[in-house]
Structure formats: structure tokens, C-alpha cells
Amino acid sequence: MPPTAGRPDPAQDRTGPAPLLDTLQHQVALFARRAEQTRLGGVGQARNSMDRAAYLLLNRLDRDGPTGVKALAAGMGIDSSTVTRQVAPLVESGLVKRTSHPDDGRAVVLQLSPRGVARLEQVRASRRELMELLTRDWDEKERTVFCELLTRFNQALSDFQSEGS
């Protein structure tokens with residue numbers, strides 16, 4: 001969208017007190033919008049076939065193994081009711097199963113089902129292919145630096161949110 005008459009594009013404004021930070025906030029805003037529009041959902045048949053919440057939950061269960069709702073929520077920085085609501089369709093579709101906690105049979109843990117493992121790998125492969133496509137002109141060092149900086153940025157966002165600032 002072109003800048004409003006008489007108002008410069010913030011990404012092009014180099015006269016302000018913090019032009020680099022202005023450019024950074026503008027690029028982050030563009031990234032957020034484009035990421036949401038495309039859902040960075042991969043390519044091929046698996047493109048946009050799994051919403052972000054499901055993808056993040058399945059990834060967390062894959063990484064952590066069987067996990068209770070409270071621990072899953074804490075690890076993801078969301079509340080238990082959100083996890084419960086988001087995991088329900090995953091259980092219903094057979095991607096996640098509820099099982100008894102190994103140490104306390106009364107407690108329930110969530111874990112990926114074999115179908116969930118397969119589905120997650122299919123979506124990961126599609127998203128990996130998209131990342132390959134989007135960064136095809138980057139060398140490994142550029143990809144590595146971008147991953148390191150994006151990881152630091154995401155951690156800073158998480159820390160900021162946790163502090164309640």
C-alpha cells in the first residue's frame with residue numbers, strides 16, 4: 001500500500017531518531033502479515049493443511065513426549081483452557097491420544113499417535129520445502145545467521161510477554 005499523501009513510508013524514513021528500529025518494526029509487521037496470509041504452510045498437497053496452533057502443539061508433543069495439559073500449557077506460554085480447546089480436535093481426528101500418566105494412573109497425559117507422527121512429518125516436509133524455496137538464494141551461513149537471530153528475537157518476545165510488560 002502506498003504511503004498516504006504527505007506522509008513518508010516508515011520503512012523509507014531515514015531522518016527519524018531511530019531509523020534502523022523503525023525499519024525493523026516495519027519489517028516485523030510485514031513479516032507477521034505475510035506469514036499469517038500464507039500461514040507459511042508449505043508447498044504441495046500439505047500446503048496450509050494444518051493450522052498454526054495444531055502444528056505448534058504437535059511439535060511440542062513430539063519434542064517433549066507424553067505431557068500433561070498443565071505442563072504443555074506452561075511450556076507453550078498459554079493457559080490450560082486454551083490447550084484443552086486446541087487439543088480436542090487433534091484427539092478427535094486421531095493425531096493425539098490421551099493416556100494414563102505412567103506414575104499416576106489417575107492423571108492423563110497427551111501424546112502423539114502414530115498417525116500424528118506421520119501427519120506431523122508430512123507437514124514438516126512441506127514447510128521445509130517452502131523454507132528451501134524462500135531461501136534458495138541464501139547460502140548456509142545466511143540461513144544459520146537468520147535462524148540464530150530469529151530464535152533470539154522469538155525468545156526476547158517470549159521473555160517480554162512473560163514479564164507482563
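This short talk walks through the fold, the helix packing around α2, and a few side chains of one protein chain.

Good morning. One caution before we start: this is a predicted model.

Let's begin with the overall layout. The protein chain has six helices and two strands. Read along the sequence, the order is α-α-α-α-β-β-α-α. So how much of the chain is buried? Of its 165 residues, 25% count as buried. Now the contacts. Take those in the chain with a separation of 6 or more. Residues 24 or more positions apart make up 45% of them.

Next, helix packing. Two packed helices are described by the angle between their axes and the distance between the axes. I'll use helix α2, residues 52-64, as our reference. We will look at three partners.

Partner one is helix α3, residues 69-76. The axes of α2 and α3 come within 11 Å and cross at roughly 110 degrees. That makes α2 roughly perpendicular to α3. The crossing of these two helices, α2 and α3, is right-handed. Which residues meet here? From α2 we have Leu56, Leu57, Arg60 and Leu61. From α3 come Leu72, Gly75 and Met76.

Partner two is helix α4, residues 80-92. Its axis and that of α2 are 10 Å apart, and the packing angle is about 90 degrees. So α2 and α4 are roughly perpendicular to each other. On the α2 side, the contact residues are Ala53, Ala54, Leu57 and Leu58. They meet Val83, Gln86, Val87 and Leu90 in α4. Look at Leu57 in α2: it meets α4 here, and it is also on the list for α3.

Partner three is helix α5, residues 114-134. The axes of α2 and α5 come within 11 Å, crossing at roughly 115 degrees. Again, α2 and α5 are roughly perpendicular to each other. The contact is made by Tyr55, Leu58, Asn59 and Asp62 of α2, with Leu120, Val123, Arg124 and Arg127 of α5. What is the handedness of the crossing of α2 and α5? It is left-handed. Recall that the crossing of α2 and α3 is right-handed.

Stay with that α5 contact for a moment. Tyr55 and Arg127 are both part of it. Where does arginine 127 lie relative to tyrosine 55? Arginine 127 lies over the face of the tyrosine 55 ring, at 3.8 Å from the ring centre.

Now to the strands. Please find leucine 112. This residue lies in strand β2, residues 108-112. Is leucine 112 buried or exposed? Its relative accessibility is 12%, so leucine 112 counts as buried. What does leucine 112 touch? Setting aside residues up to four places away in sequence, the list is Leu58, Leu61, Asp62, Leu95, Lys97, Val117 and Leu120. Several of those names are familiar. Leu58 and Asp62 of α2, and Leu120 of α5, also appear in the contact between α2 and α5. Leu61 of α2 came up with α3. One more point on Lys97. Lysine 97 and leucine 112 are 15 residues apart along the chain, and their C-alpha atoms are separated by 6.2 Å.

Last topic: aromatic rings. How many aromatic pairs are there? The count comes to one aromatic pair. Tryptophan 138 and phenylalanine 146 form it, with an edge-to-face arrangement. The centres are 5.2 Å apart, and the planes stand at 85 degrees. Tryptophan 138 has 32% relative accessibility, so this residue counts as partly exposed. Phenylalanine 146 is partly exposed too, with a relative accessible area of 41%.

That's the tour. Thank you.

Technical notes. Residues are numbered from 1 along each chain as its sequence is written. This is a predicted model: local features need pLDDT of at least 70, side-chain atom pairs count only at pLDDT 80 or more; totals for chains, interfaces and linings use all residues. Side-chain values use heavy atoms; hydrogens and water are left out. Rings of Phe, Tyr and Trp (its six-membered ring) pair if their centres lie within 6.5 Å; planes under 30 degrees apart count as stacked, over 60 as edge-to-face and the rest as tilted. Buried means under 20% relative accessible area, exposed over 50%, partly exposed in between (1.4 Å probe, protein chains only). A charge sits over a ring if NZ of Lys or CZ of Arg is within 6 Å of the ring centre and within 35 degrees of the ring normal. Axes are lines fitted to C-alpha atoms, for helices over the stretch in contact, and angles run from 0 to 180 degrees between N-to-C directions. Helices (H or I, at least four residues) and strands (E, at least two) are DSSP runs, numbered from the N terminus. Angles under 35 degrees count as roughly parallel, over 145 as roughly antiparallel, 65 to 115 as roughly perpendicular and the rest as oblique. A crossing is left-handed if the near helix is turned anticlockwise from the far one by less than a right angle, and right-handed if clockwise. Contact means heavy atoms within 4.5 Å.
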